[in-house]
Amino acid sequence: MMRIASVETFIVTVPRETPYLGPLGPGERVNARGYLVRQGNGTIYPTVDRSIVVRLTAADGSMGWGETYGICAPRATCEIINDLLAPVLIDSEVHDVSATWDMLYDLMRVRGCSGGFHGDALAALDIALWDLAGKARELPVRELIGPVVHPIIPSYLSGLPAATLAERVALAQSWQARGIHAFKFAAVVSHEGIVEEMAALRAALGPQAEILIDLHWKFTPDEARALIAQLEPYRPRFIEAPLKPEAMADLAALAAQSPIPIAAGEEWYTAHDVANRLAFGPIAYVQPEMGHTGITQILRIAQLAARHGIAVAPHATIGAGIFLAASLQASATLPGLWKHEWQHSVFTRNLALLHTDMAHDATGYHLPTGPGLGVEPGDAFRAAAELVS
Ligand code: MG
């Protein structure tokens, strides 16, 4: 049992030299607020790495840390926490973190707040509550969930941030020389062509390499079918997010016919959401993102996936490393885990912000050993964090 004494929110900003997904492409520019719109998928990204971090302090003085998306309009999420959710939690007794997620979700479920910024706020608090619960019992979060079935979390390399196809192929080869065998490229920045990029990577990396393609929700069903026919000879392990997020029935129909396995789900927030989507039919891989789901919902989504015979390939995104640690803690307990995404350009920077023995090498992610999430913000984190009240 934990009594929550205070809730604080921080915006954590870490500059980066090259924008996420690679240098600016044709027609892309940075606007006055520091955002750019990728022409390949119409999605907006900041030029910095940015996330929201939550610190819960319990009545006994122990602290729990949580994190969620802060890439766009970060003050919106902070306001949902500070004005709406934190006052409900403060001075309450938390007995069961999962039940607390349900209680907080209930506050706004009839007002259309089933995901988005509201879902992100829930995820940050949920992760922080699990961290506190682990610290209270002096156990890693994975031991609270248990049993641990993956002492090392297998991973795939995500993103080849270089300007030209030749440079992206060379980057993949340099990682292959370091023992990496699974690679995902982002079609949004395949300026030379998606099929051309797949063909070049297959030729350079050989028949054994696992190559994945993130299609970033770009296509109509007919376009996706035509693209799949062109890609199939090069044997991608999966294609990700081929259709618009709203195309639930179309995605299931495509997955039923596609000779290439279909992955999706980084933008799905809850098991309610996933259950409604799977009612149309299964896909091959579901990709829950801890920064959206929190630990409570990623576990429920994984249970649903197992019931439908769907592998789990957790997503990894731009953050300070706290929600990544939470995702690894949960992943360690998932029998249906395939591989966890490894955003090498983000993860290396995370380690500079945190006190942790979490690590990554060619075998995968090595879990942090401490209680709770196994990560604590360090001095560099404090320098990058702005308190929002
Ligand atoms: Mg993706």
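Hi everyone. Let me begin with a definition: a cavity here is a set of grid points where a 1.4 Å probe fits but cannot get out, and its volume is the space filled by probe spheres set on those points. Please keep in mind throughout that this is a predicted model.

With that in hand, how many cavities of 30 Å³ or more are there? The count comes to three. I'll walk you through two of them, starting with the second largest cavity, which has a volume of about 80 Å³. Its lining is made of 13 residues, and those nearest the centre are Ala-316, Thr-317, Phe-323, Leu-324 and Asn-350. Helix H11, residues 322-331, and helix H12 each supply at least two residues of that lining. If you sort the lining by chemistry, you get seven nonpolar residues, five polar and one charged.

Now the largest cavity, at about 140 Å³. Here 16 residues form the lining, with Ala-247, Leu-251, Ala-264, Trp-268 and Arg-277 closest to the centre. Helices H8, residues 248-257, and H9 each give at least two residues, and H8 has the largest share, with three. The split in this lining is twelve nonpolar, one polar and three charged.

Let's move from closed spaces to an open one. The largest pocket holds about 1,000 Å³ of space. Which residues lie nearest its centre? They are Thr-43, Tyr-45, Tyr-69, Ile-71 and Glu-266, out of 43 lining residues. Strand S3 (43-46), helix H3 (116-136), strand S9 (182-186) and helix H12 (344-353) are the elements that give two or more residues to this lining. In terms of character, the pocket lining has 16 nonpolar, 15 polar and twelve charged residues. Both domain 1 (2-143) and domain 2 (148-371) take part, each with at least three lining residues.

Hold on to Glu-266 from that pocket list, since it turns up again at the metal. The magnesium ion has three protein donor residues, Asp-214, Glu-240 and Glu-266, binding through OD, OE and OE at 2.0 to 2.1 Å. Along the sequence their spacing reads D-x25-E-x25-E. Asp-214 sits in strand S10 (residues 210-214), and Glu-266 in the loop between strand S12 (262-264) and helix H9 (271-278), so this pair ties together parts that are 52 residues apart in sequence. Are these two buried or exposed? Asp-214 has a relative accessibility of 6%, so it counts as buried, and Glu-266, at 12%, is buried as well. For those of you setting up a site model, the cut-off for buried is under 20% relative accessible area.

On to the aromatics, where there are eleven pairs. One of them is Trp-101 with Tyr-105, a stacked pair at 4.7 Å centre to centre with 15° between the planes. These two are four residues apart in helix H2 (residues 97-106), so about one helical turn separates them, and both are buried. Another pair is Tyr-285 with Trp-338, this time edge-to-face, at 5.3 Å and with 65° between the planes. This pair links distant parts of the chain, 53 residues apart: Tyr-285 is in strand S13 (residues 285-286) and Trp-338 in the loop between H11 and strand S15 (340-342). Tyr-285 and Trp-338 are both buried too, and ring pairs join them with Tyr-156 and Phe-238 into a cluster.

Finally, some backbone details that you may want to look at on screen. Gly-146 and Pro-147 are joined by a cis peptide bond, with omega about -15°, and Pro-147 lies in the loop between helix H4 (141-145) and strand S7 (152-153). Then, which residues other than glycine have a positive phi? Arg-235 is one of them, with phi near 50°; it is found in the loop between helix H7 (221-231) and strand S11 (238-240) and is partly exposed, at 45% relative accessible area. Ala-241 also has a positive phi, of about 45°. Ala-241 is in the loop between S11 and H8, and it is buried, with a relative accessible area of 5%.

That's the tour. Thanks for listening, and I'm happy to take questions.

Conventions: Residues numbered from 1 in each chain as written. Predicted model: local features only at pLDDT ≥ 70, side-chain atom pairs only at ≥ 80, totals over all residues. Heavy atoms only, no water. Donors = N, O, S within 2.8 Å, 3.2 Å for Na, K, Ca; no water. Buried < 20%, exposed > 50% of the residue type's maximum accessible area, 1.4 Å probe, protein only. 1 Å grid on protein atoms, 1.4 Å probe; cavity = no way out; pocket = protein on both sides within 12 Å on 5 of 7 lines; lining within 4 Å. Nonpolar A, V, L, I, M, F, W, Y, C, P; charged D, E, K, R; others polar. Domains from an automatic or database assignment. Phe/Tyr/Trp six-rings, centres within 6.5 Å; stacked < 30°, edge-to-face > 60°.
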